[in-house]
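Dear colleague,

I am passing on a structure that you have not worked with before, and I would be glad if you could look it over with the notes below at hand. The notes follow the model from one region to the next.

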Amino acid sequence: MKEASNYSANLTYQTDDFSRAISAVTKLLVDFIDRSRLSDGPVVNLKTVSDVTKALRLEQFVELAGGQGDPGILGEFVETYLPTLIRLNDPRFIGHQVSRPHFASALADLVNGMTNNGMAVYEMGPGPVAIERFVVQWLLGFVNWPDGGDGFLTHGGSLANLTALLAARGTFHPESWREGIDHRHVFLVPETSHYCLQRAICILGYGERNIRFLPTNDLGQIEVDQIESVFQAAVDEGNSPVAICANACSTPTGLYDDLKSIGEFAKQKSIWFHIDAAHGGSALVSQTHRELLHGIQFADSVVWDQHKLLQTSALCTAVLFRNPESLNRIFQQHASYLNTCNDDDFPNLFHQTIECTKVPIGLKFYLCLLAIGEQGLADFVDALFSRTEEIYRLISSRDGFVCRYKPQSNILCFQYRPEEFDPFAIRDQIIREGEFYFTRTELKGEKYFRFTVTSPETSNDIVSKLLDRIEETAG
Ligand SMILES: Cc1ncc(COP(=O)(O)O)c(C=O)c1O
């Protein structure tokens, strides 16, 4: 058995060890980021998981370290670990939709990791709660609901969409919490919604048969003219529509739905209007692009990820509600062991979130805001969107390449001689070579290459080289 003194030594931080570990790892990270920016080395090193496990020497490190808390070994392991990562700071990284984080946000991760304030109970994180409320108010300022609205932060768009739909159900059918669901409730969802929306509806206890898919045009945007017939068919079958959802923007194409028309429809039918703006909500901070979200004021709930376009490290998502009362309709529970001092002055946020213990995620965004400023964030969004438009022009003007639409955000789909080549096979081969990273998608049964431009440094030159590579790979 371990000596009590040894045991407690393992649990405490030795200031020197900590500083040494931090400075060793910081050096490694700075080098990693610098080399990524310069495209020095592969953007992704895609090996099988068993090869990666071997390369990481996980068991050997555990044996070698012996649980002694040696800061040297921590740095040594991080050095082994970094080459197994995809490099978001490399301008040849052109997808998925994860921000290359600002160091201010990473600093918040360190502070959060060291201080570990649980925060769902106010007493367990007064500062984090105050910051979260500030961040939510800051975001609400862009949504601009007449009565202000309210909301909270949660861990990612998927949990956020689930919580928003719980609020919709709790508003129209509060009895569901006690009695369970009524199978006549249906949800109107675009075919092109992110998979997490359909998943959320099923987690709520409904089945896929409770989802009524809204037809979309060739580009995956809701056909506004067809909403009425989908709604009416559901009602004629004896169902009760609860909510209609829209994309701002849609994950595969980055295109926005007509929020105003859909919102007016929801209002006219007195159903909940939910906007999944996980990706595209950040256009709100840009004076140039906020028009894309025209109609957001009709929404009852909006989901907006800061870790997609606002340089915040994952995860940081806001769930915003037009009516602050909605926050009280998500859950109907009490927990006496947590419910201390809960009033306006000492707010316990666990009443609203799926999480109990919650990382102070507001700090990750707040430090970014301090470092970059509101205008800086707007400039960043503008830079990504205009870079994507320039890339669109470049691709469209090149022989054999086809872009079916002008991008509205930083997501762009395109094809190469679509009648001859399978973009999925070409893309998979190219990313295995490690020089570029981009993604792929399907739209109405057609296959596309897909870019998410996350770095303003993704130049035309880089894209031209990638187009060359596509041509070569296609043979
Ligand atoms: C429109 C949309 N909604 C929801 C999500 C899921 O968000 P998260 O990855 O933060 O869970 C995504 C992710 O790509 C998305 O694009």
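A good place to begin is the hairpin of β10 and β11, which has 2 residues between its strands and in which Lys-444 takes a positive phi near 50°. Please keep in mind throughout that this is a predicted model. As background, most residues other than glycine have a negative phi, and most peptide bonds are trans.

The two strands of that hairpin, β10 and β11 (residues 446-452), run antiparallel and are joined by 5 bridges. Across the pair, Thr-439 stands opposite Arg-450 in β11, and Arg-440 stands opposite Phe-449 in β11. The hairpin belongs to an open sheet of 4 strands, whose order is β8-β9-β11-β10 and whose pairing is antiparallel. At the edges of this sheet stand β8 (401-402) and β10 (439-443), each of which has a single partner strand, so that one side of each is left without a neighbour in the sheet. Helix α14 packs on the sheet, where it touches β8, β9 (411-416) and β11, and its direction makes about 10° with that of β9.

Helix α14 also has a helical partner. The axes of α14 (residues 361-396) and α16 (residues 460-474) come within 10 Å and cross at roughly 40°, which makes α14 oblique to α16. The crossing of these two helices is right-handed. On the α14 side the meeting residues are Glu-390, Ile-391, Leu-394 and Ile-395, and they face Asn-460, Val-463, Ser-464 and Leu-467 in α16. Sorted by class, the residues of this contact divide into 5 nonpolar, 2 polar and 1 charged.

How does α15 lie relative to α16, and at what angle do their axes cross? The axes of α15 (residues 423-433) and α16 come within 10 Å and cross at roughly 115°, and the two helices are therefore roughly perpendicular to each other. This crossing, too, is right-handed. Here Ile-426, Gln-429 and Ile-430 in α15 meet Arg-469, Ile-470, Thr-473 and Ala-474 in α16, and the contact has 4 nonpolar, 2 polar and 1 charged residues.

Turning to another part of the chain, you will find an open sheet of 7 strands in the order β1-β7-β6-β5-β4-β2-β3, with mixed pairing. Its edges are formed by β1 (150-154) and β3 (211-214), and since each has a single partner strand, one side of each is left without a neighbour in the sheet. Direction ignored, neighbouring strands of this sheet are turned by 20° against each other on average. At one of the edges, β2 (residues 185-190) and β3 pair in the parallel sense over 4 bridges, and the bridge partner of Phe-187 in β3 is Ile-211. Helix α8 (residues 157-172) packs on this sheet and touches β1, β4 (240-247), β5 (272-276), β6 (301-305) and β7, its direction making about 170° with that of β6. Helix α11 (residues 227-236), for its part, lies across β2, β3 and β4 and runs at about 160° to β3.

The model also holds a ligand, and 13 residues surround it, the closest being Gly-156, Gly-157, Ser-158, His-194 and Ala-278. By class, this shell has 3 nonpolar, 8 polar and 2 charged residues.

Finally, there are some backbone details that you may wish to look at in the viewer. A cis peptide bond, with omega about -5°, joins Gly-95 and His-96, and His-96 has its place in the loop between α5 (71-81) and α6 (103-115). A cis peptide bond also joins Ala-314 and Leu-315, again with omega about -5°, and Leu-315 is found in the loop between α13 (306-309) and β7 (317-321). Ser-39, a residue other than glycine, has a positive phi near 55° and is found in the loop between α2 (15-37) and α3 (49-56).

With best regards

Note on methods
Residues are numbered from 1 along each chain as its sequence is written. This is a predicted model: local features need pLDDT of at least 70, side-chain atom pairs count only at pLDDT 80 or more; totals for chains, interfaces and linings use all residues. A residue is near a molecule or strand if its C-beta atom, placed from the backbone, lies within 6 Å of it. Ala, Val, Leu, Ile, Met, Phe, Trp, Tyr, Cys and Pro count as nonpolar, Asp, Glu, Lys and Arg as charged, and the others, Gly among them, as polar. Axes are lines fitted to C-alpha atoms, for helices over the stretch in contact, and angles run from 0 to 180 degrees between N-to-C directions. Angles under 35 degrees count as roughly parallel, over 145 as roughly antiparallel, 65 to 115 as roughly perpendicular and the rest as oblique. A crossing is left-handed if the near helix is turned anticlockwise from the far one by less than a right angle, and right-handed if clockwise. Two residues are in contact if their C-beta atoms, placed from the backbone, lie within 7 Å. Two strands pair if DSSP finds at least two bridges between them.
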